[in-house]
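Grab your viewer and work through the exercises below. Each one sets a small task and then walks through a solution.

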Amino acid sequence: MALELKSASRIVKGQVFIQPTDLVLEKGTMNVLLGPTLSGKTSLMRLMAGLDVPSSGSIHWHGTDVTGQRVQDRRVAMVYQQFINYPAMSVYDNIASPMRLMGKSVAEVDRAVRSTAEMLKLTPLLQRKPLELSGGQQQRCALARALVKGAGLVLLDEPLANLDYKLREELRAEIPRIFEESGAIFVYATTEPEEALLLGGNTATMWEGRITQFGPTPQVYRQPADAITARLFSEPPMNFVACVKQGHKIHFGADTHAPADGVLAGLPDGAYTAGFRANHLQLNAHSGQSVAFDCDVTATEITGSETFLHASHGDNRWVGLVHGVHALATGQSVKLWLDPTHVYFFDPAGRLAAPAAYAVGG
Amino acid sequence: MAQITLKNLAHSYLPNPKGDADFALKEMDHVWQDGGAYALLGSSGCGKTTLLNIISGIVRPSHGRVLFGDRDVTDEETAARNIAQVFQFPVVYDTMTVRENLAFPLRNRGMDAAYIAARVGHIAQMIGMEDRLNRKARGLTADAKQKISLGRGMVREDVNAILFDEPLTVIDPHMKWELRTQLKQLHRQLGHTMIYVTHDQTEALTFADKVVVMYDGRVVQMGTPEELFETPAHTFVGYFIGSPGMNLMDATIAGNRAHLNGCDVALGASYAPVVGRSQIGIRPEYCSLTSGAGLPVTLRRVEDVGRHRIIRADLFGQAFNLIAPEGMAIDADMTRVVFAPDKINVFADDWRVAAQGSV
């Protein structure tokens, strides 16, 4: 019981929207497509929905080839960034409309509308018109319309992007519960790493029409397969620095080095790129193994409880996320500390050569 | 560049407003400093856009005055106010090149060619479009066009203020980081008064020296990010700032103790008797799970957000959130929660109460 893409690609006027992609989404799973604008998230969803036909390859639903089957004949629902509701109809009629189109009986429609409304906390609002609802409630109504017909595949294309920050936070916390109750395959597109992490499930990271990695969300986050995945699954962006492994040491430039032990012991000598996340770059040595980098402050951004520290180290521009309020002057020199167990090592082709030891329990 | 004074300012869209409820903007008195970076933060419908439109001259306030420096501009049109504006969606001339778009406000004012060239070059570098200066704006992506809008908003050095209305909505998360830092650097270099409207707390907190939090047509707090986080003036600020927001619980306050649901909680200071609905507030960051003494919580779900984990729980039948560091083990016997006493805030009818002996 699954949705399966076999080498499915999408090419429009010679331009590759989706490179040949293999992907299996199991029944009852939450799947996040994470990537920047134009990375192919919407194009991939349109292939899954049957709104577009793949240029090559095929799409299978529960083992049956459905490539080319009309979207109306599939059990698919899609929710977009813009809330699409019928403004003249009540919330009840909006939710009922997909069921009525399917020719369901009055009793069946009523049962489905009421249970879906309950799931989305819309029961007290069923008699209102969409424009009498808040933005969050309108989007919940659009979600209810997608879920009411019991679709086996629910595609959500940045569904919370147009909502206020706080509403987004609330709906984001609810979506995993709604998804669990529906039992469908959910596919959720977002540009935000934190949203992917909050939703959990599986994540496929997308870059230039290609899935760079697919797996359980925390695993993709902590064990990225390459530098592209690591970069697009980090906010603030991941920090990088060139380094050289030589014997028992890793050299980060002339005078900073760390022992090459644990997961690094087996790494062949040579040049690598070290990558680490903002929250692992600190103002003081958290562990005995931490190494210091001489940096210059380029900006500080204070969020109230934490500080984003923008700094340059030679030609590298880094961001550190440190606890507390630190209003450092621009241009000031500062020592920033990094525990080598938080560092990923990528080979010159950008593939992961050694994982961060903390992420693999090493 | 100018200091902006809002004098007994209020606004109603109705001809004869009667009560508070008829005002989209309730009366306020503020002086915004020359060269300050301010963010107006609040959910949709809170009045922040009305306030911005009054400052820019798009809306004439029904009550009160607006001053730029010593000059009363209440009745002046936008064009006379000498301000630059950047909107949520790009406003660019498609048939012009990127260079012409950026130069437009300067050419309009008859600046000399050498100055224009230097200034456009500087701004183009800032928004990362030096390599595309000679191409037409038509066909550029939405975020590239928005960068041009931002650049054009900042190209003039002689404006009284630059107003931004949700300017990063269409920009990709990675680019947002860069543009925000550049905006800040530019603010430091030029010292413009900047006013930035947003519903995104990260943008507001990281951009502004002072964040103006609005709720229901009222400024409920104007403060530094740290003040908003540590000592929110209103429960709305507690809820709106922070992800998740502050936990708020009904409690009876007696001196330096709070009583909730028959349990006793130590406060960091003593309070005079509290009048009205009394609540205590504690941020998820300042709560910790323990297997020792504390208030009884039921864990619902743990969300791994990478750098830390959000623990969703119930405390006395009410949703309660905690934040635990990345990698901290959460054992099954951790069924109690403790608060850092000096991080607890006390509220009466939603407004923060200062402890005795403090200001």
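**Exercise 1. Work out how enclosed strand β16 of chain A is, and find what it pairs with.**

Solution. Keep in mind that this is a predicted model.

Step 1: Count buried residues along β16(A), which spans 291–302. Nine of its 12 residues are buried, so the rest of the structure largely encloses this strand.

Step 2: Look for the partners. On β19(A), residues 333–338, there are six bridges to β16(A), and the pairing is antiparallel. To pin down the register, take V291(A): its bridge partner in β19(A) is L338(A).

Step 3: Now β17(A), residues 306–313. This strand is also antiparallel to β16(A), again with six bridges. Here D296(A) sits opposite S312(A).

Step 4: Check the connection. β16(A) and β17(A) make a hairpin with three residues between them, and G304(A) in that turn has a positive phi of about 115°.

**Exercise 2. Put the strands of the open sheet in chain A in order and say which ones are at the edges.**

Solution.

Step 1: Trace the six strands across the sheet. The order reads β13-β12-β11-β14-β20-β21, with antiparallel pairing.

Step 2: Find the ends. β13 (257–259) and β21 (352–354) of chain A each have a single partner strand, so one side of each has no neighbour in the sheet.

Step 3: Get the twist. From one strand to the next it averages 40°.

Step 4: Zoom in on one edge. β12(A), residues 249–251, and β13(A) are joined by three bridges in the antiparallel sense. One pair to click on is K249(A), whose bridge partner in β13(A) is P259(A).

**Exercise 3. Is N247(B) buried or exposed, and what surrounds it?**

Solution.

Step 1: Locate the residue. N247(B) belongs to strand β11 of chain B, residues 247–250.

Step 2: Apply the cut-off. Buried means under 20% relative accessible area, and N247(B) has 4%, so it counts as buried.

Step 3: List neighbours, skipping residues up to four places away in sequence. N247(B) touches, among others, I280(B), R283(B), C287(B) and F320(B). N321(B) is on the list too.

Step 4: Look at polar atoms. A polar side-chain atom of N247(B) lies 2.8 Å from the backbone oxygen of N321(B).

For contrast, try M328(B) in the loop between β18 (318–325) and β19 (336–339) of chain B. Its relative accessible area is 29%, so M328(B) comes out as partly exposed.

**Exercise 4. Describe the contact between the two domains of chain B, then do the job for the two chains.**

Solution.

Step 1: Set the bounds. The domain assignment gives domain 1 as 4–240 and domain 2 as 247–353 in chain B. Their C-alpha centres are 37 Å apart.

Step 2: Count the residues involved. Domain 1 of chain B brings 11 residues to the contact, and domain 2 of chain B brings 11.

Step 3: Add the area. These domains of chain B bury about 1,100 Å² between them, with 55% from carbon and sulfur atoms. F229(B), E230(B) and T235(B) supply 50% of what domain 1 of chain B buries, more than any other three residues.

Step 4: Turn to the chains. Chain A puts 43 residues in contact with 37 of chain B. The buried area is about 3,400 Å², 53% of it on carbon and sulfur atoms. On the chain A side, Y165(A), K166(A) and E301(A) supply 19% of the area buried against chain B, more than any other three residues.

Note on methods. Residues are numbered from 1 along each chain as its sequence is written. Chains are lettered from A and ligands numbered from 1 in the order in which they are written. This is a predicted model: local features need pLDDT of at least 70, side-chain atom pairs count only at pLDDT 80 or more; totals for chains, interfaces and linings use all residues. Side-chain values use heavy atoms; hydrogens and water are left out. Two strands pair if DSSP finds at least two bridges between them. Helices (H or I, at least four residues) and strands (E, at least two) are DSSP runs, numbered from the N terminus. Axes are lines fitted to C-alpha atoms, for helices over the stretch in contact, and angles run from 0 to 180 degrees between N-to-C directions. Buried means under 20% relative accessible area, exposed over 50%, partly exposed in between (1.4 Å probe, protein chains only). A polar contact is a pair of N or O atoms within 3.5 Å; within protein, one must be able to donate a hydrogen and the other to accept it, and residues adjacent in sequence count only if both atoms are side-chain atoms. Contact means heavy atoms within 4.5 Å. Domain bounds come from an automatic or database domain assignment. Buried area is the accessible area (1.4 Å probe) that two parts lose on being put together, summed over both.
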